[in-house]
Amino acid sequence: MTNSPQLALERIDDLAVINGGGSLDADCVAQLADVVPAIDEDVRAVILNPNPSVWLGFDGVTNVGDLFSGLAEHPQPSIAVLSGPTRGGGLELALAADLRVASPNSVIGFDLAAGGFPRAGGLQRLTRAVGRSRATQLLLLEGDVDADTALDWGLVNAVDANPLGAAMTIARSIASRGPIATRYAKDAIGHGLDMPLAQALHYETELTILLQDTDDRAEGVDAFVNKRTPTFSGT
């Protein structure tokens with residue numbers, strides 16, 4: 001039995017917020033694997049807001065592999081709130097989210113100089129997030145980058161003195177859109193990267209066809225024609 005703080009799942013309107021945690025130890029990794037599947041299907045965006053200590057990197061974790069696949073593959077878009085330095089395993093966790101918001105004092109990087117090596121899919125997600133050249137620069141030359149550089153590279157999507165508040169604003173913007181279209185878009189991007197272009201284009205077309213028969217599609221068209229704000233039901 002662990003005495004470390006537990007991750008907690010909080011529902012705020014149509015958003016889910018994951019709070020708490022102590023260090024990024026094996027128990028925290030296991031808790032995250034349990035918490036993410038418990039998110040309600042009608043949630044429209046997920047905010048990952050653990051205690052800042054979680055972002056500092058793995059604490060005694062010996063497991064290797066895609067430890068954060070549950071978050072990365074979850075259908076709802078996710079936003080990681082980087083409330084301080086984000087290093088090693090903490091960065092690998094952040095990269096499993098779709099978007100990242102950092103505080104101005106965030107220093108972001110891996111710990112290769114100290115003998116650490118990504119063990120949870122971090123190298124692959126980093127390369128997909130910022131490209132081969134930037135990933136190589138971060139790992140072999142820079143070691144770490146500040147929040148503004150991370151923003152310039154696209155490693156984070158916003159820098160704000162109140163990163164949770166900024167993440168909530170982004171999440172509410174996402175939640176205002178058609179949830180089926182949003183999930184399909186995330187699906188098309190995630191799976192399309194691993195497909196040849198022709199196959200990815202075909203997959204995207206299939207999702208577009210599926211979307212045409214939804215109530216949300218009809219609602220979006222009607223709202224546009226009548227110049228009103230749409231009310232999406234997720235059906």
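Which residues line the largest cavity? The legends below begin there and then move through other close-up views of this predicted model.

**View 1. The largest cavity and its lining.** Leu7, Leu24, Cys28, Leu32, Leu48, Pro50, Val54 and Leu93 line the largest cavity. Helix α1 (26-35) and strand β3 (45-50) are the elements that each give two or more residues to this lining. The volume of the largest cavity is about 30 Å³, and the structure holds one cavity of 30 Å³ or more. Sorted by class, the lining has eight nonpolar residues, no polar ones and no charged ones. If you wonder how such a space is found, rolling a probe the size of a water molecule over the atoms shows where empty space is left.

**View 2. The buried side of helix α1.** Here you can pick out Cys28, Val29, Gln31, Leu32 and Val35, which are buried in α1. They cover an arc of only 160° around the axis, so they sit on the same side of α1. What do the buried residues of α1 pack against? Their neighbours are β1 (7-12), β2 (15-20), β3 and α3 (89-95). Two residues of this view, Cys28 and Leu32, will be familiar from the lining of the largest cavity.

**View 3. Strand β4, covered on both faces.** Strand β4 spans residues 78-82, and five of its five residues are buried, so the strand is largely enclosed by the rest of the structure. In a regular strand the side chains alternate between the two faces of the sheet. On one side of β4 are Ser78, Ala80 and Leu82, on the other Ile79 and Val81, and all of these are buried.

**View 4. The partners of β4.** Strands β3 and β4 run parallel and are joined by three bridges. Leu48 has Ala80 in β4 as its bridge partner; Leu48 also belongs to the lining of the largest cavity. Strands β4 and β6 run parallel too, and four bridges join them. Look for Val81, which stands opposite Val101 in β6.

**View 5. A three-stranded open sheet.** In which order do the three strands of this open sheet lie? The order is β5-β7-β8, and the pairing is mixed. Strands β5 (86-87) and β8 (144-146) are the edge strands, each pairing on one side only. As a reminder, strands of a sheet pair through backbone hydrogen bonds, either parallel or antiparallel. Between β7 (residues 107-109) and β8 the sense is antiparallel, with three bridges. A handy landmark is Ile108, which stands opposite Val145 in β8.

**View 6. The largest pocket.** This pocket has a volume of about 950 Å³. Of the 28 residues that line the largest pocket, Ala72, Asp98, Lys186, Ile189 and Gly190 lie nearest its centre. Which element gives the largest share of the lining of the largest pocket? That share, seven residues, comes from α7. Elements that each supply at least two lining residues are β6 (99-102), α4 (122-142) and α7. By class, the pocket lining has twelve nonpolar, six polar and ten charged residues.

**View 7. Two residues of helix α7.** Thr182 is found in helix α7 (residues 179-192), and Ile189 lies in α7 as well. Is Thr182 buried or exposed? Thr182 counts as buried because its relative accessibility is 18%, under the 20% cut-off for that class. Leaving aside residues up to four places away in sequence, Thr182 touches Pro77, Ile174 and Arg177. Ile189, by contrast, is exposed, with a relative accessible area of 59%. Ile189 is also one of the residues that lie nearest the centre of the largest pocket. From Ile189 to Glu204 the distance is 8.8 Å in space, C-alpha to C-alpha, with the two residues 15 apart in sequence.

**View 8. Asp13 in the loop between β1 and β2.** This last view turns to Asp13, placed in the loop between β1 and β2. Asp13 is not a glycine, yet its phi is positive, at about 55°. With 62% relative accessibility, Asp13 counts as exposed, since the class begins over 50%.

Note on methods: Residues are numbered from 1 along each chain as its sequence is written. This is a predicted model: local features need pLDDT of at least 70, side-chain atom pairs count only at pLDDT 80 or more; totals for chains, interfaces and linings use all residues. Side-chain values use heavy atoms; hydrogens and water are left out. On a 1 Å grid over the protein atoms alone, a cavity is a set of points where a 1.4 Å probe fits but cannot get out, and a pocket is an open set with protein on both sides within 12 Å along at least five of seven lines; lining residues have an atom within 4 Å of a point. Grid points are joined across faces, edges and corners, and a volume is the space filled by probe spheres set on the points. Ala, Val, Leu, Ile, Met, Phe, Trp, Tyr, Cys and Pro count as nonpolar, Asp, Glu, Lys and Arg as charged, and the others, Gly among them, as polar. Buried means under 20% relative accessible area, exposed over 50%, partly exposed in between (1.4 Å probe, protein chains only). Contact means heavy atoms within 4.5 Å. The arc is that of the directions from the helix axis to the C-beta atoms. Two strands pair if DSSP finds at least two bridges between them.
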